[in-house]
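User: I should like to learn how the features of a structural model are read. Please take them one at a time, with the general idea before the case.

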Amino acid sequence: MPIYFYPLLFLAIIVFFSAFFTIKQQTAGIIERFGKFQSIRHSGLQLKIPLVDRIAGKLSLKIQQLDVIVETKTLDDVFVKLKVSVQYKVIREKVYDAFYKLDYPHDQITSYVFDVVRAEVPKMRLDDVFVKKDDIAIAVKSELNDAMMEYGYDIIKTLVTDIDPDAQVKAAMNRINAAEREKVAAQYEGDAQRILIVEKAKAEAESKRLQGQGIADQRREIARGLEESVEVLNKVGINSQEASALIVVTQHYDTLQAIGADTNSNLILLPNSPQAGSDMLNNMVASFTASNQIGEAMKNAKKKNNEED
C-alpha cells in the first residue's frame, strides 16, 4: 500500500465522523448549506453532509430571564429605580425567525422595557408605584408580547422585583411612617387614660353611693336607738322633751370623753363652766316647751278660723 494512502485514509475518517453531530435537549441547531438555510435540527444524534453543511448556530429552547434596571421619575418628581425581570423563551415553531430576524434579543427586550416603564411610571405617584407594580409588569408583558412574537420569542412573565427610590426619599418615608405610628400610639394612650378616668369616676360614684347608703343606715339605726331610749325614759316618768334633752347632754359628754381619750386630737373650744351641762339641759327643755306652746297656739288659731267660716 502506497505511503500517501495513509493520510488520505486519515482524512476520510475525519470527514466521515464530522458528518455526525449531537444536539442537546431543549436546544435547536440551525444547519446551513453553502451559507443558505437548510434545516433545523433538534435533540439527538444528527447527520449532515461534510464540507457542504455546517452548524450555523444553536438556540436554547429553555425559559430564560433578563433583568433590566430602569431609572425614571414619578408624577411627584421622585427619581426611582425599578428592576424588571423578563422571562422569555424561543418558540419551537419559530426558531428560524428567532435566529435570522434578530441579532441581539436582549438589547431589543431591554429597549421595550425602558420604553414602557418610562411611559407608565411618570403617570403615578411614588406610593402608587409600590401599589400598582403589577400593573406596570402587565403593561410591559403586553408590549413585549406584541413586539417579540414577530421575532419568534414568547414572553412568559414579567415581574417588577425591586423598587428603589433615592436614599433621602426612603429616609423621609421612614420618618413619615414613624410619625404616623407615634400618632396612633398617642391616640391609644389617650384612649387608655380616658378609660381609666371614666372607670375611676364610676368607682368613686359607686363608693359615694355606698358611703351615703351606709350613713343613711347609720342614722336610721341611731334614730331607732333614740326612739327606744325615749320610750324607756317615758316608762320611768320622764316626758319626751326631758328625755330628748337628757340624751343630747349624754351624747355631748360622751363626745368630750372621746376627744379627751385621743392623743392626736386638735384643740377644740368648748364651754368649760361647771353649770354648762345644766344650762344646756335647761335651754333645751325650755326650747322644747316653747315649741310645743307655739304649735298648740297655731292649731287653736287654725281651728277657730275653720269654725268661723
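User: How many helices and strands does the chain have?

Analyst: This is a predicted model, in which local features need pLDDT of at least 70 and side-chain atom pairs count only at pLDDT 80 or more, while totals for chains, interfaces and linings use all residues. Residues are numbered from 1 along each chain as its sequence is written, and side-chain values use heavy atoms, with hydrogens and water left out. Helices (H or I, at least four residues) and strands (E, at least two) are DSSP runs, numbered from the N terminus. The chain has eight of each.

User: What share of the residues is buried?

Analyst: Buried means under 20% relative accessible area, exposed over 50%, and partly exposed in between (1.4 Å probe, protein chains only). Of the 309 residues in the chain, 22% are buried.

User: Which residues touch the most other members of the largest nonpolar core?

Analyst: In soluble globular proteins, nonpolar side chains tend to be buried together. A nonpolar core is a set of buried Ala, Val, Leu, Ile, Met, Phe, Trp, Tyr and Cys residues joined through side-chain atoms within 4.5 Å. Here the largest such core has 33 residues, and Leu82, Val113, Val117 and Ile136 touch the most other members. Elements that each supply at least two residues of this core include strand E6 (64–73), strand E7 (79–90), helix H3 (105–120) and helix H5 (133–148). The most comes from E7, with six residues.

User: Which residues does Val113 touch?

Analyst: A contact means heavy atoms within 4.5 Å. Leaving aside residues up to four places away in sequence, Val113 touches Val68, Val70, Val84, Val86, Val140 and Leu144.

User: Which residues make the nonpolar surface patch?

Analyst: Patches are made of residues with over 30% relative accessible area and no salt bridge (a side-chain nitrogen of Lys or Arg within 4 Å of a carboxyl oxygen of Asp or Glu). Like charges are joined within 9 Å, nonpolar side chains (Val, Leu, Ile, Met, Phe, Trp, Tyr) within 5 Å. Leu9, Ile13, Phe16, Phe17, Phe20, Leu45 and Leu47 make a patch of about 720 Å², the area coming from the Shrake-Rupley method with a 1.4 Å probe and only the protein chains shown as cover. Helix H1 (5–18) and strand E4 (44–47) each supply at least two of its residues, with H1 giving the most, four. Leu9 lies in H1 and is partly exposed, at a relative accessible area of 40%.

User: How many bridges join E2 to strand E3?

Analyst: Two strands pair if DSSP finds at least two bridges between them. Five bridges join E2 to E3 (residues 36–41), and the two run antiparallel. Ile31 has Ser39 in E3 as its bridge partner. Two residues lie between the strands of this hairpin, where Phe34 takes a positive phi near 55°.
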